[in-house]
Amino acid sequence: MSNSQLTPGIVPARLPAATYADNFADHEPPFDVHEARVAADRCYFCHDAPCMTACPTSIDIPLFIRQIATGTPDAAAKTILSQNILGGMCARVCPTETLCEEACVRETAEGKPVEIGRLQRYATDVLMAKGVHPFTRAAATGKRVAVVGAGPSGLACAHRLAMKGHDVTVLERRPKPGGLNEYGIATYKATDDFAQREVEWLLKIGGITVKNGVTLGKDVVLADLMADYDAVFLGIGLAGVNALRAAGEDLPGVQNAVDFIADLRQAEDRAAVPVGRDVVVIGGGMTAVDAAVQSKLLGAENVTIVYRRGRDKMSASGYEQEHATQTGVRIIYGAAPVRVTGTGKAEAVEFAYTEDTPEGLKLKSETFTLKADQVFKAIGQTLAGVPDGITIAAGKLPRNPAPKLWCGGDCALGGEDLTVTAVAEGRDAAEEIHVALMGTAG
Amino acid sequence: MANLASNFIGIKSPNPFWLASAPPTDKEVNVRRAFEAGWGGVVWKTLGSEGPPVVNVNGPRYGAIWGADRRLLGLNNIELITDRPLEVNLREIKSVKRDYPDRALIISLMVPCDEDSWKDILSRIEDTGADGVELNFGCPHGMAERGMGSAVGQVPEYIEMVTRWVKKHSRMPCIVKLTPNITDVRKPAEAAKRGGADAVSLINTINSITSVDLDDFAPEPTIDGKGTHGGYCGPAVKPIALNMVAEIARNPVTAGLPISGIGGVTTWRDAAEFMALGAGNVQVCTAAMTYGFKVVQEMISGLSDYMDRKGFTSTADLVGRAVPNVTDWQFLNLNYVTKAHIDQDACIKCGRCYIACEDTSHQAIEMGPGRTFTVKDEECVACNLCVNVCPVENCITMVEMPKGKVDPRTGVPVGDYANWTMHPNNPSSQAAE
């Protein structure tokens with residue numbers, strides 16, 4: 001093949017074959033022992049630590065860092081994992097710059113926080129590399145729980161339930177477990193098949209059966225699950241994608257960013273993943289950034305993120321935005337798509353500048369057009385496939401909509417749509433299920 | 001730039017920074033490098049009697065403790081005195097002194113406790129042109145088992161006796177190096193003075209085990225599964241050394257006896273502190289062993305800048321300046337009242353002051369909404385723990401309460417100077433009434 005960055009259309013292999021391995025290598029290399037000790041030394045072991053408060057799973061960060069500093073990374077990992085069983089993945093994908101590290105007092109003191117995320121990765125990597133699973137199951141309770149969705153919330157829920165002695169069946173619609181960890185994370189953030197390795201490690205607790213390729217509402221219905229199991233947890237994520245509601249949306253070349261990200265993650269050979277020469281990503285979240293950055297890494301010549309509001313409103317963090325621009329992605333703030341144009345396929349997108357007014361966002365008359373042979377929609381996901389009988393509130397499922405039924409993760413109310421929040425909700429639901437089943441928190 | 005020239009018991013050096021008798025001063029090559037780097041003087045590593053030299057272990061001879069990022073805070077050694085032939089050392093000393101006439105070169109000595117041994121070695125030293133001798137009564141390991149080093153330094157009568165022999169058989173200035181491994185450092189200092197010493201130097205190293213190997217269950221440094229106590233030095237020992245220097249400086253019996261300060265001097269500031277407490281100069285070892293000889297350049301520029309700021313024209317203006325302010329606890333002003341004050345702008349909200357005070361002190365810091373930390377004056381005893389644990393320098397300070405103002409903790413107005421000897425709770429003071 002002789003494609004290059006200048007080849008028109010959506011084509012694979014724009015770059016020399018050797019480039020892909022570098023482009024999709026570990027985004028942030030792991031600490032070695034010395035680096036970890038040096039980084040750990042910076043922690044002040046704060047009282048009632050702000051980082052811990054900022055963590056949705058309330059990991060005892062000062063304690064685990066002190067355990068690293070004193071040469072006991074296994075103990076550090078256990079401190080992390082006892083609060084967040086997916087601490088390994090969260091160490092890679094958490095927007096720490098808006099959570100623990102933003103709250104770190106050394107961010108206040110010196111503008112340079114303790115590198116909590118990387119330290120967490122160090123500790124969890126050390127433990128997982130040994131193949132050790134540090135938790136054991138309580139005596140069998142004879143209770144059976146169904147978990148729908150093997151994403152972060154479902155896995156966290158299943159693990160906690162199994163630890164309490166319950167038997168858990170996890171039903172996953174996709175061919176592999178992991179949810180967004182497997183299908184929704186930028187490739188360079190979780191290299192070496194980490195999502196699957198983490199799931200395998202998690203399942204070592206025992207008592208969890210994962211059934212892939214089982215879709216709720218198609219292969220199984222909620223009523224049957226409610227009848228067959230002592231409790232049910234729904235962690236079904238947000239399977240729908242918001243539409244642009246702009247003319248030309250149906251033209252070939254216009255695609256959901258989440259699908260592109262998933263395809264790239266699953267591709268055996270990155271070079272085989274086709275990408276446009278001129279890529280336009282519409283949206284302002286981490287999905288938009290992940291799609292844009294990876295388009296660039298695949299060899300797109302021009303990649304532009306267009307977000308309808310200002311920089312400060314963008315839900316991708318400043319760190320993420322900076323990462324995008326450093327990769328060569330251009331970000332245009334304050335513009336919304338009017339129409340996708342092209343003959344038989346997308347060729348350009350026309351945008352109008354926007355104005356944030358008290359009555360809401362308004363389009364100005366001034367427009368501009370960007371060349372685009374590939375357009376990614378990244379303007380948010382929505383709840384889809386809601387079982388009958390559950391009343392939706394604010395577009396989300398209630399956390400405990402019926403007796404014996406719990407919901408968590410992105411599909412459920414409460415918290416931001418983050419991996420770490422999903423883990424917290426799955427874990428907490430398991431604790432509530434346990435109390436409901438056993439009548440005691442013990 | 002201030003004039004750092006030093007005259008210590010008649011020994012002149014361009015600055016008051018000497019390298020202590022230790023591994024860095026064992027050979028001509030090292031000492032020449034030290035002088036080239038700017039050191040004002042060198043105390044040559046301890047020489048023993050003529051004959052077969054001592055031998056050292058061939059496993060590790062140093063152990064250490066570290067602070068954050070492996071900053072070396074304390075070093076321990078089990079090295080003995082020089083293990084090179086006496087003749088070689090004497091030849092090298094003569095050669096170095098000839099080439100560096102402006103630098104101080106003092107020879108550390110340790111020979112058996114008989115008069116002839118000392119008489120013999122002294123005559124050999126005089127031939128080298130060295131500026132003086134330092135009697136090593138301090139080394140706590142190895143040689144002490146053979147009746148030398150700290151075995152002598154721990155018996156004031158021996159110190160006096162040997163010092164007297166040295167003064168009898170040599171006209172060279174004589175410094176007596178003291179061991180800290182003793183209950184009251186004033187006693188050996190007094191003995192040295194009685195024996196005629198021109199000065200004392202202190203502290204030598206402290207008996208220590210730096211760590212224990214928790215797999216082999218052996219103290220570090222470990223030699224074939226066994227360890228022995230070594231001599232501890234470096235930044236960690238500075239507070240112990242400062243106190244011992246001050247004790248000698250303010251003891252009426254030894255007041256005025258020149259002191260060469262040793263013990264953890266790492267920066268110009270450490271040196272200035274020793275000098276303020278009465279040391280005429282300082283000796284350095286661990287800082288050089290950690291960073292190389294170049295560290296002296298920071299000491300020279302730092303001390304010079306400080307003296308300029310203070311308007312001191314010679315080191316004599318600094319030496320002993322803090323001694324009158326070292327006193328006994330009983331004379332401290334019990335009516336001096338301070339309260340901790342937290343600078344909210346400087347505070348980074350780590351909460352260490354709060355938890356230290358709450359868990360281990362006087363519950364005098366309040367944690368308010370938004371992690372604001374404020375001092376409860378009605379509880380604060382001004383212990384200073386919050387200042388000590390705060391990671392931000394000068395964020396927490398102790399603010400003096402003006403005279404006449406009511407201390408909210410005691411309900412008593414701040415009064416005039418009054419110490420324990422005058423306090424009504426002191427049985428002795430009541431008996432005196």
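Q: How many residues of domain 2 of chain A are in contact with domain 3 of chain A?
A: In this predicted model, 12 residues of domain 2 of chain A are in contact with 20 residues of domain 3 of chain A.

Q: And which helix gives the most to the domain 2 side there?
A: That is helix 6 of chain A, residues 87-93, which supplies five residues to the side of domain 2 that touches domain 3.

Q: What kinds of residues is that side made of, nonpolar, polar or charged?
A: On the side of domain 2 of chain A that touches domain 3 of chain A, eight residues are nonpolar, three are polar and one is charged.

Q: How far apart are the centres of those two domains?
A: Taken over C-alpha atoms, the centres of domain 2 and domain 3 of chain A are separated by 26 Å.

Q: Where do the domains of chain A run in the sequence?
A: The assignment for chain A places domain 1 at 17-25 + 242-378, domain 2 at 33-129, and domain 3 at 144-239 + 383-438.

Q: What does UniProt list for residues 22-131 of chain A?
A: An unreviewed UniProt entry lists residues 22-131 of chain A as "domain: Dihydroprymidine dehydrogenase". In the model that span is 61% helix and 0% strand, and its end C-alpha atoms lie 28 Å apart.

Q: Stepping back to the whole of chain A, how many helices and strands does it have?
A: Chain A has 17 helices and 15 strands, and its C-alpha trace spans about 65 × 55 × 50 Å along the principal axes.

Q: Why does the radius of gyration of chain A agree with a compact globule?
A: Because a compact globule of 442 residues would have a radius of gyration near 22 Å, the 23 Å of chain A agrees with that expectation.

Q: What share of chain A is buried, and what share of its contacts is between residues far apart in sequence?
A: Buried residues make up 48% of the 442 residues in chain A, and, among contacts in chain A with a separation of 6 or more, 71% are accounted for by residues 24 or more positions apart.

Q: Changing topic, how is chain B divided?
A: Chain B is divided into domain 1, residues 6-325, and domain 2, residues 329-432, and the centres of these two domains of chain B, taken over C-alpha atoms, are 39 Å apart.

Q: How many residues does each chain bring to the contact between A and B?
A: Chain B brings 12 residues and chain A brings 10 residues to that contact. The chain B side that touches chain A divides into seven nonpolar residues, one polar residue and four charged residues.

Definitions and conventions
Residues are numbered from 1 along each chain as its sequence is written. Chains are lettered from A and ligands numbered from 1 in the order in which they are written. This is a predicted model: local features need pLDDT of at least 70, side-chain atom pairs count only at pLDDT 80 or more; totals for chains, interfaces and linings use all residues. Two residues are in contact if their C-beta atoms, placed from the backbone, lie within 7 Å. Ala, Val, Leu, Ile, Met, Phe, Trp, Tyr, Cys and Pro count as nonpolar, Asp, Glu, Lys and Arg as charged, and the others, Gly among them, as polar. Domain bounds come from an automatic or database domain assignment. Helices (H or I, at least four residues) and strands (E, at least two) are DSSP runs, numbered from the N terminus. The radius of gyration is taken over C-alpha atoms; the globule rule is 2.2 Å times the number of residues to the power 0.38. A residue is buried if 20 or more other C-beta atoms lie within 10 Å of its own, exposed if 12 or fewer, and partly exposed in between; C-beta atoms are placed from the backbone. UniProt positions are given in the numbering used here, feature names are shortened, and annotations may be inferred rather than shown by experiment.
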